[in-house]
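Please consider the sequence and the three-dimensional structure together. The paragraphs that follow begin with the ligand and its surroundings and then turn to other parts of the chain.

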Amino acid sequence: MIKHLAVAYYPEHCDEARWPRDIALMREHGIDTVRILEFAWSRLERADGEWDFGWAHRAMRLLEEASLDVVLCTPSAAPPAWLTGTYPETLCLKKDGQRDAHGTRRQYCPTSRRYRDFCNRIAAKMQEEFAAYSNVLAWQIDNELGFNRCYCDECETAFRQDIRERFGSLDGLNRALGGAFWSQDFWEWEQVGLPHPTSPSPEMRLAFDRFYSDQIISFMTEQVETLRSCGAAAPISTNLMADFPEIDLWKITAPLDFVGWDNYADQYTLAGNSLAHHLMRSLKSGKPYWTFENGVNSVSPWLQSAPRANIMHALSALAHGEEGHTFWRWDSCPFGHEQDLQGLVDWAGNPRAKLREVGQLRAILDEIAEVELPPLQPRIALLFSPLNYWGTHPYYGRAYYDGNSYKSYWPEIESFYQAIFDLGLGCDCVAPDGDLSNYDLVLAPGMCLVADEELQNLRSYVQNGGVLFAGRKTFVKTPDNTYRTTELPALGDVFGMRISESQSSEDGNDITVRAAAQSRPFRQFQLESAAGLPATPTMGWFETLELRGARSLYSYCDGYFRGETAASVHEFGKGTAFYVGARIERAAMKELMRQVLQTAKIDVVCEVPLGGQLVQRGDVVFLTNHSDQELTFSHPLLVQDSSNTPNPDGEVKVAPFSFAIMGKREGLC
Ligand code: GAL
Ligand code: ZN
């Protein structure tokens, strides 16, 4: 259940005289928590060690008097001018050799000892100043960590150290990172540098990705430890982003007390957003989590947002296990980079229609507060691997995004998740070396880079009776981003096949197109099934499979590889292993997933209509309709409608932008 309804508030952005009215309006609309001070460094410390906490205390006192709880943010995402002016080495040195400049945010070097010291100092100061308030509910470190890769000397020294610790010997380093190629061997540690060239090797690029993620995590952890050592009692988190590829999400959440993230829901598909919630819940093994930002409108002022969309996103979050829900932001700021973005009140502090919706959400939350939602206990695990976020963008994204984009791993895993979402099922996300024993089905899309222990984990999972469903180009590389030199995929005996061809469908052979000097097209192939599955086109990275005991599920029926197998299934040990070597369209993927689920003995819950979402929690299902049409959900579990009338057909109609909680027990709404 959502226990805290919060809003991001920046008291330094408006006249102090307006604060009482803001706070009264917040209370009136059911907001109980306020997140503050996120970028306020230049107002809290005007010059080195010259503190000005007077105004912040006045704001804190008003909030405390109004019984509003507070999430305090450390302001380290936005260094003040005196700091970067006096110590320019704290600014990020970009790849092109330019120093970043004052006038934006996230322009700091995450490695800089000096910068970390200043950040830790203000964190400690904040704890000291605010220790006496009774309403400090939580801490947030920084803002959306990531996106400040730095190429300065300090980063280079730290990188060299990291490489040295990781590989131990120069021989080991050269072997692991392929030094023999293009004379890239290092025969002295001092030769190891940051991957400056425009096109570093895939191995060096990955080594830097990993290093950078670790720098961000240690930057954050220092602040966490500073706060704790200064006596901060409130739990500490940060606002992550589910589909930001920069940081190892498993690793960054370890030092935190709870998971927090920013949900700009309109940046995702409905299924993608549901997956993001499952991921965030999974990062701390199912512990309730927060969203620290939910865009009042969109992340872009130019995108339309439907009335009640905010209410629906909040209810969807609640269904997935969220405990704190924060709107971003209270007001629209008349100045600065985001002056066009809209808040719950306008530039003058006058309520907008969206504020009324917060009041409506509050009323809904109060109304359903008594409903006991059993814990989510999905029987499906989806492997989530930050390493593959970094390592796979040349493969999965090409047909959908430009080749330089990191946004390729997410669509790959989402295409698997979409199929279970469409059948009313959810998942936990699990690290590839995590405990799989609670799951009847493990989805393994995008697992190109894989460690030996992870392979062992999956092998014994299938051996012991589990069902594994892997996607194209999985289990073919080492964690250092070199190809494995055994037959591929590395679990070939588990899948009962080997990959014989692995290619992109970007077509270099079409002479007519090349002569016309257009860009090369992606060729679409057709797949047909001898296993009763619908035909489907495929595009992008694809493979042909040589069967060695497995049965074919799909084969190519046109193109250069006509007749070759594209997807297979194989029994291994007490379990079953499915492999699909091509991207399958949504409708066909749903049918393939149905077969996979049947093998795993997992019942399909419901055919979820487009625009709808179903989250199952024990014997309760939570239905949300995110569309402007009435939707019908049908399933025997749905025995009551929202007015508690019996519903023998198991059909539930849900009004546009509305919801229903259904279950076999009495007393649900
Ligand atoms: C978020 C960020 C906020 C604000 C917002 C604009 O990602 O955390 O500070 O910039 O985007 O939509
Ligand atoms: Zn640096």
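**The ligand and its surroundings**

By class, the shell around ligand 1 consists of five nonpolar, one polar and five charged residues. The model is a predicted one, and the distances and angles quoted here are computed from it. The residues that make up this shell are F39, R105, N143, E144, D262, Y264, E293, V299, W328, E338 and L341.

Three glutamates of the shell deserve individual attention. A polar side-chain atom of E144 is placed 2.6 Å from an oxygen atom of ligand 1. For E293, the separation between an N or O atom of the side chain and an oxygen atom of the ligand is 2.9 Å. In the case of E338, an N or O atom in the side chain lies 2.3 Å from an oxygen atom of ligand 1. Taken alone, the ligand exposes 310 Å², and the protein buries 94% of that area.

One residue of the shell leads to a feature of the backbone. W328 is among the residues around ligand 1, and the peptide bond from W328 to R329 is cis, with omega near -5°. R329 itself belongs to the loop between β10 (322-328) and α12 (353-367). A second cis peptide bond, with omega near 0°, runs from L488 to P489. P489 is located in the loop between β14 and α16 (492-495).

Why are these bonds worth noting? Most peptide bonds are trans, and most residues other than glycine have a negative phi. The second part of that statement bears on two further residues. S285, although not a glycine, has a positive phi of about 50°. S285 sits in the loop between α10 (270-283) and β9 (289-295), and with a relative accessible area of 74% it is exposed. R308 is likewise not a glycine and has a positive phi, here of about 75°. The loop that holds R308 connects β9 and α11 (309-320). R308 has a relative accessible area of 26% and is therefore partly exposed, since this class covers values between the limits of 20% for buried and 50% for exposed.

The next region is built around strand β13, which spans residues 441-444. From this strand L441 and L443 point one way, whereas V442 and A444 point the other way, and all are buried. Strand β11 (residues 380-383) runs parallel to β13 and is joined to it by three bridges; in this pairing A381 stands opposite V442. Strand β14 (residues 467-470) also runs parallel to β13, with four bridges between them, and A444 stands opposite A470 of β14. Between β13 and β14 the chain passes through helix α15 (residues 452-463), and this β-α-β crossover is right-handed.

A final point concerns helix α5 (residues 113-130), in which R121 is found. Is R121 buried, exposed or partly exposed? R121 has a relative accessible area of 32%, so it is partly exposed. The C-alpha atoms of R121 and L227 are separated by 9.7 Å, while the two residues are 106 residues apart along the chain.

Methods. Residues numbered from 1 in each chain as written. Chains lettered and ligands numbered in written order. Predicted model: local features only at pLDDT ≥ 70, side-chain atom pairs only at ≥ 80, totals over all residues. Heavy atoms only, no water. Buried < 20%, exposed > 50% of the residue type's maximum accessible area, 1.4 Å probe, protein only. Helix = DSSP H or I, 4+ residues; strand = E, 2+ residues; numbered from the N terminus. Pairing = 2+ DSSP bridges. Right-handed = clockwise from strand over helix to strand, strands pointing away. Near = heavy atom within 4 Å. Polar contact = N/O pair within 3.5 Å; in protein donor to acceptor, adjacent residues only side chain to side chain. Areas by Shrake-Rupley, 256 points an atom, 1.4 Å probe, with all protein chains shown as cover. Nonpolar A, V, L, I, M, F, W, Y, C, P; charged D, E, K, R; others polar.
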